[in-house]
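Biologist: Please take one buried side chain of this model and describe its surroundings closely, setting it against the whole chain. For a first-year student, please explain each term as it arises.

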Amino acid sequence: MENEALEEVFQSLGRVTIRRMFSGKGIYHDGLILALVVDGELLLKADEVSAPLFEEAGARRWVYSGKARKNPVRMPYWSVPDAAYDDPEEMATWVRLAYEAALRAPPGRSQRK
């Protein structure tokens with residue numbers, strides 16, 4: 001996804017920062033990471049509070065299996081429910097849920113500074 005398209009997806013939050021990460025991108029708002037783009041797919045952050053909502057909406061959890069890992073790792077990022085791409089208000093709801101999950105997450109290395 002192009003940065004302009006990502007900025008449009010997250011416009012309901014205000015300004016976002018997009019940084020290259022490995023082979024994808026990280027999307028940040030107020031210094032917190034709330035989404036990734038991996039292999040061209042947008043993935044939104046979720047946690048124990050919001051993950052059931054993503055699952056009920058038919059979203060898929062991102063599972064990472066690297067070369068050095070024997071077992072796949074279930075990451076806290078979920079695909080965007082399909083209907084959200086056609087409805088800006090619905091997209092804003094999912095984006096808000098991702099930001100709320102980011103607010104609840106314990107501080108990571110980049111947030112401790």
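Modeller: The protein carries 16 positive and 17 negative side chains, and the centres of these two sets are 15 Å apart. Lys and Arg are counted as positive, Asp and Glu as negative, without His or the chain ends, and each charge is placed at NZ, CZ, CG or CD of Lys, Arg, Asp or Glu respectively. This is a predicted model, in which local features need pLDDT of at least 70 and side-chain atom pairs pLDDT 80 or more, while totals for chains, interfaces and linings use all residues. Residues are numbered from 1 along each chain as its sequence is written, and side-chain values use heavy atoms, leaving out hydrogens and water.

Three helices and six strands make up the regular elements of the protein (DSSP runs of H or I, at least four residues, or of E, at least two, numbered from the N terminus). Along the sequence they follow the order α-β-β-β-β-α-β-β-α. The radius of gyration is 14 Å, close to the 13 Å that the globule rule gives for 113 residues, so the protein is as compact as a globular protein of that length (C-alpha atoms; the rule is 2.2 Å times the number of residues to the power 0.38). Along the principal axes, the C-alpha atoms fill a box of roughly 40 × 35 × 25 Å.

Of the 113 residues, 39% count as buried (under 20% relative accessible area; exposed is over 50%, partly exposed in between, with a 1.4 Å probe and protein chains only). Among contacts with a separation of 6 or more, 47% join residues 24 or more positions apart (contact: heavy atoms within 4.5 Å).

The close look now turns to S79, which has its place in strand β6, residues 73–79. S79 counts as buried because its relative accessible area is 3%. A polar atom of the S79 side chain lies 2.7 Å from the backbone nitrogen of R60. Setting aside neighbours within four places in sequence, S79 is in contact with E41, L42, L43, F54, A59 and R60.

One of these partners, F54, belongs to helix α2, residues 51–56. F54 is 25 residues from S79 in sequence, yet their C-alpha atoms are 8.0 Å apart in space. F54 is also buried, because its relative accessibility is 0%. Its own contacts, not counting residues up to four places away in sequence, include L44, K45, A46, A59, W78, P81, W94 and L97, as well as S79.

Several loop residues provide a contrast. D39 sits in the loop between β3 (32–38) and β4 (41–45), and D39 is exposed because its relative accessible area is 72%. D39 and K70 are 31 residues apart in sequence, and their C-alpha atoms are 21 Å apart in space. F22 lies in the loop between β1 (17–21) and β2 (24–29); its phi is near 45°, a positive value in a residue other than glycine. Because its relative accessible area is 82%, F22 counts as exposed. D30, in the loop between β2 and β3, also has a positive phi, near 55°, and is a residue other than glycine. D30 is exposed, with a relative accessible area of 61%.

Terms used: Polar contact = N/O pair within 3.5 Å; in protein donor to acceptor, adjacent residues only side chain to side chain.
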